[in-house]
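Got a minute to go through a model together? I'd like to ask what backs up each label we put on it.

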Amino acid sequence: MQHFDTIIIGGGHNGLVCANYLGKAGQKVLLIEASKKLGGLAATREFYPGFRASVAHAINQFPEKIVLDLNLTKFGYKQSSRSMKNIGLDLEGNHVFVTQDGLSGVSDKEVRQYDLYIASLKRFAKALQPFWMKKMPAISGNTIAEILTFIQIGLKLKLLGKKDMRELLRVVSLPARDLMDENFDSDLLKATLSWDALVGSTQAPRSPNNSILTLLYRMAGNHHGHYMLPEGGVQSLIDALTDAAKSVGVEIRCDSPVKKISIKADKNGVKAEGVILDGGEEIRGDRVISALDPKQTFINLVGAEHLEIEFLNRINRLRTDGYVAKLHLALSDIPSFTGIETLDDRFIIAPTMDTIEFAWDDAKYGQCPENPVIEIVIPSLNNPALSPEGGHVLSANIMYIPYRKKGGWSEESKAHLVKKLLNTLNQYSPGLSEKVIHAELLTPVDLEKDWRVTGGHWHHTELALDQMLMMRPTYEAAQYQTPVDDLYICGAGCHPGGGLMGAAGFNAAKVILT
Amino acid sequence: MTTDIKFADERLKLSPFHDRQAALNLRDSWSVWNGYKFAEYYYDSEYEYFCVRNTCGTYDICPMQKYLIEGDAAEAMLNRMVTRDITKLKENRVTYVCWCTNEGRMIDDGTIFKLGPKKFMLTCGSPSLAWLRKANFGFDAVEIKDVTDTLAALSFQGPTTFSVLKEMGLEGIEDLKPFQIGYYDFAGTELMISRTGFTGDLGYELWIENDNALELWDTLYEIGENYGIQPYGEAATNMARLEAGFIMPYMEFNEALKTVHYQHDQTPFELNLGWLVDFNKPLFNGRKALLLDKKNGPKYTLTKLDIEGNKPAEGSYIYGDKKCSLEIGYVTSAMWSPAVKANIAMAMIKTEHLHGEIWAEIYYEKELRQYDKVARCSIKEKPFWAPTRARMTPPEHY
Ligand SMILES: Cc1cc2nc3c(=O)[nH]c(=O)nc-3n(C[C@H](O)[C@H](O)[C@H](O)COP(=O)(O)OP(=O)(O)OC[C@H]3O[C@@H](n4cnc5c(N)ncnc54)[C@H](O)[C@@H]3O)c2cc1C
């Protein structure tokens with residue numbers, strides 16, 4: 001039987017980042033992935049002959065530190081200096097353009113107000129910076145290092161000054177709607193700006209909780225929340241991480257779903273000692289790290305008999321229902337949007353915050369929204385390899401599409417939704433339908449099935465105040481260690497959460513190496 | 001459901017034995033247990049206690065919670081819940097168990113009956129279905145059924161119990177060993193009997209479907225008449241169990257799930273139930289916390305005391321010196337024990353003071369005058385009352 005220092009389950013970007021750091025530190029690492037390709041939700045795959053796409057279609061917060069530490073540029077990762085505009089689409093062509101440098105398409109008053117608004121959000125995002133690339137302190141029994149983290153966070157906040165700190169504490173849990181209403185007049189602008197506070201969550205503009213904190217979280221990247229596509233697209237990040245991992249000796253096995261984490265249970269307690277694959281093959285390691293979502297990890301791979309009652313019930317009660325569906329269109333030709341010249345940006349179809357709110361209202365009662373709200377990227381512009389010559393790929397996030405649809409999902413209900421989506425898209429991009437060769441709709445249920453993510457959730461588990469920071473995914477597992485000795489977790493369900501950030505993988509590796 | 005009875009839902013449930021018990025409850029002294037009307041005593045608690053110790057008595061345990069737990073993973077599920085290793089429990093045997101929160105605080109104690117390879121019955125003092133469901137999450141195909149309201153149960157305790165059952169014609173009852181379960185033909189159905197109880201004496205618990213409960217009662221009382229049978233209530237039980245060294249909820253321990261204040265509940269080590277905690281088991285709820293509790297030593301230890309004099313030390317503080325300057329604990333239950341002829345008590349005493357002097361400050365009243373005295377206590381390791389007849393198989397015949 002083969003033996004490794006560390007076995008990592010799940011070759012999503014977090015598993016890859018973690019594998020890299022451990023391999024770099026000299027560990028003998030095995031990375032096991034269920035599907036044929038690495039990358040998880042960021043993997044690029046063919047959805048129609050000749051047409052390819054990844055579920056996560058753009059990057060906004062992948063840390064410079066990881067790029068440098070792992071020398072990813074050497075492995076072909078080229079971050080783009082150009083950030084994508086967020087463009088709020090308007091039926092009449094009066095679009096709103098949000099760029100790194102400010103706004104256009106709105107009144108001068110809004111432009112000036114935006115500068116103030118974004119400046120303060122940037123200060124807040126900066127103050128929160130130490131939160132993300134750090135293990136969160138446990139709620140009790142802290143080590144000196146953990147106490148220092150508390151102090152550091154406190155200090156950063158203090159450095160904001162009294163006024164900013166008060167304002168930060170006020171806005172972090174503010175409904176997005178209130179913050180937008182306080183600052184702006186234009187409905188389209190408000191809806192566009194609140195998109196990144198909401199996408200991937202079970203929150204709508206009027207929901208109090210942490211949508212602004214999520215927005216600030218997404219502003220942690222180089223482009224202050226603006227998305228970008230590296231040369232070669234999302235795929236290039238996964239490729240670079242893969243090659244870097246191989247270069248430090250990480251062994252990679254795809255197409256090998258793990259069935260169980262093997263547990264050594266004796267009078268010394270329970271500890272992970274390896275994995276058992278679907279076919280029954282057993283592989284041993286000194287430690288096991290799971291980059292899967294917490295429910296998969298604990299309920300399915302570890303099992304109730306190895307975990308205490310309250311812990312497992314807390315895992316079970318995690319909110320994991322996804323509300324984002326993915327639409328991939330194989331297009332015969334480049335689409336056009338009324339009044340838009342360049343297409344390598346990010347388009348948002350959400351005319352007002354009420355449209356977003358009502359879409360959520362439908363979804364929370366298990367219905368597909370009457371008027372879905374949509375985020376569009378055309379990744380084939382940046383990476384022509386995604387489509388045959390002349391063709392293009394349109395990639396869209398659709399909110400809010402319920403995991404638990406009333407009556408369940410069927411081919412008919414999916415076809416019905418696709419039709420509705422094409423109708424909506426056609427209004428903004430006349431003639432689009434004629435260019436569609438094939439449409440693939442991935443509901444949260446499809447994402448769960450094919451990507452093995454419980455609920456098909458963007459962040460593996462809802463990123464909300466009660467499931468954040470030292471509560472993520474739940475206490476006793478919030479420092480990447482778990483109640484099972486030698487078992488660690490490092491997926492998006494850990495602090496700081498999902499999105500292509502790699503921070504969970506980075507933090508977990510750090511815990512193991514120190 | 002519509003009914004003419006006012007406040008029908010608020011009224012106490014009546015046990016299947018109620019009609020007979022009501023007829024014998026000369027003092028109309030009722031209390032409540034888990035929503036059931038339930039006798040505090042029938043005639044006189046001391047008299048009933050003496051029946052239990054010298055002849056025999058019946059105690060209605062219908063209100064006790066009874067759960068059937070069945071399925072492939074039933075054993076694994078229970079084994080992870082309780083601190084003891086029940087994989088060692090043989091079929092048709094009963095074992096005493098306790099279970100804890102993951103902080104190692106005791107939720108409840110009870111007994112597990114192994115009824116078949118994949119079938120168990122758990123009995124306990126308080127409703128536990130919610131906890132059982134939590135404990136069951138993650139285990140496939142385990143069915144949990146609350147049979148409290150359908151399975152009648154009567155505790156039958158005292159030295160002459162065996163003779164009564166024998167005379168009833170229960171074939172092979174003489175072979176039933178302590179903690180064993182047997183099945184007997186009775187009135188055309190099956191009567192399950194376990195040689196268990198809460199009195200520390202010879203005794204049995206009888207389990208039968210509600211429909212046959214009264215017939216069982218009538219037979220027992222017909223034959224038992226010559227053997228001094230008498231129903232006994234909560235008060236006599238409390239005396240007998242203290243002599244036997246058994247703990248009682250809300251006296252010795254607080255159920256952890258109902259405790260508001262931090263650590264106002266107890267760990268098994270504090271309750272001197274360390275023997276129930278099997279660390280050879282790789283995992284059970286509370287294991288990590290209990291390892292720590294064992295290593296650090298419990299803050300308090302439940303201790304059996306023999307106290308000078310004859311004044312029960314009810315509610316007494318315990319001191320490490322006669323001057324009562326060093327408070328080291330408190331009494332949880334106390335009585336003058338007629339069977340052992342001693343002034344006995346259980347007390348929670350700070351573990352670090354167990355080896356020094358122990359004094360109880362006893363308050364008592366005589367004709368409206370208050371007195372107090374300080375009495376020397378000595379620790380008893382064994383149960384106050386543990387007659388050999390309780391363990392004999394076959395038991396003595398009267
Ligand atoms: C619809 C949608 C759109 C998104 N869009 C964006 C976006 O544009 N930009 C962005 O930054 N983020 C986006 N996200 C979020 C982001 O994709 C995820 O948060 C992130 O990819 C999670 O990475 P991970 O490595 O933690 O987990 P995953 O990517 O989920 O990786 C887990 C891996 O484990 C594997 N696995 C599962 N079970 C087993 C098993 N039993 N044995 C072996 N392997 C197993 C899976 O196959 C998978 O490869 C989106 C998410 C969704 C759902």
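What follows is a short back-and-forth on this predicted model.

Q: What makes chain A as compact as a globular protein of its length?
A: Start with the make-up: chain A has 17 helices and 17 strands. Its radius of gyration is 22 Å, and the globule rule gives 24 Å for 514 residues; those two are close, so chain A counts as being as compact as a globular protein of that length. Along the principal axes, its C-alpha trace spans about 70 × 60 × 50 Å.

Q: How much of chain A is buried?
A: Buried residues are 62% of the 514 in chain A, with the cut-off set at under 20% relative accessible area.

Q: Why is Phe179(B) called partly exposed?
A: Its relative accessible area is 38%. Buried needs under 20% and exposed needs over 50%, so Phe179(B) at 38% ends up as partly exposed.

Q: What makes the backbone at Phe179(B) worth a look?
A: Phe179(B) isn't a glycine, yet its phi is positive, about 65 degrees. Most residues other than glycine have a negative phi. You'll find Phe179(B) in the loop between helix H5 (161–167) and strand S10 (181–186) of chain B. Cys324(B), not a glycine either, has a positive phi of about 60 degrees, and it lies in the loop between strands S15 (317–319) and S16 (327–337) of chain B.

Q: Which peptide bond ending at Tyr400(A) is cis?
A: The one from Met399(A), with omega near -15 degrees. Most peptide bonds are trans. Tyr400(A) sits in the loop between strand S15 (392–399) and helix H14 (411–428) of chain A.

Terms used: Residues numbered from 1 in each chain as written. Chains lettered and ligands numbered in written order. Predicted model: local features only at pLDDT ≥ 70, side-chain atom pairs only at ≥ 80, totals over all residues. Heavy atoms only, no water. Helix = DSSP H or I, 4+ residues; strand = E, 2+ residues; numbered from the N terminus. Rg over C-alpha atoms; globule rule 2.2 N^0.38 Å. Buried < 20%, exposed > 50% of the residue type's maximum accessible area, 1.4 Å probe, protein only.
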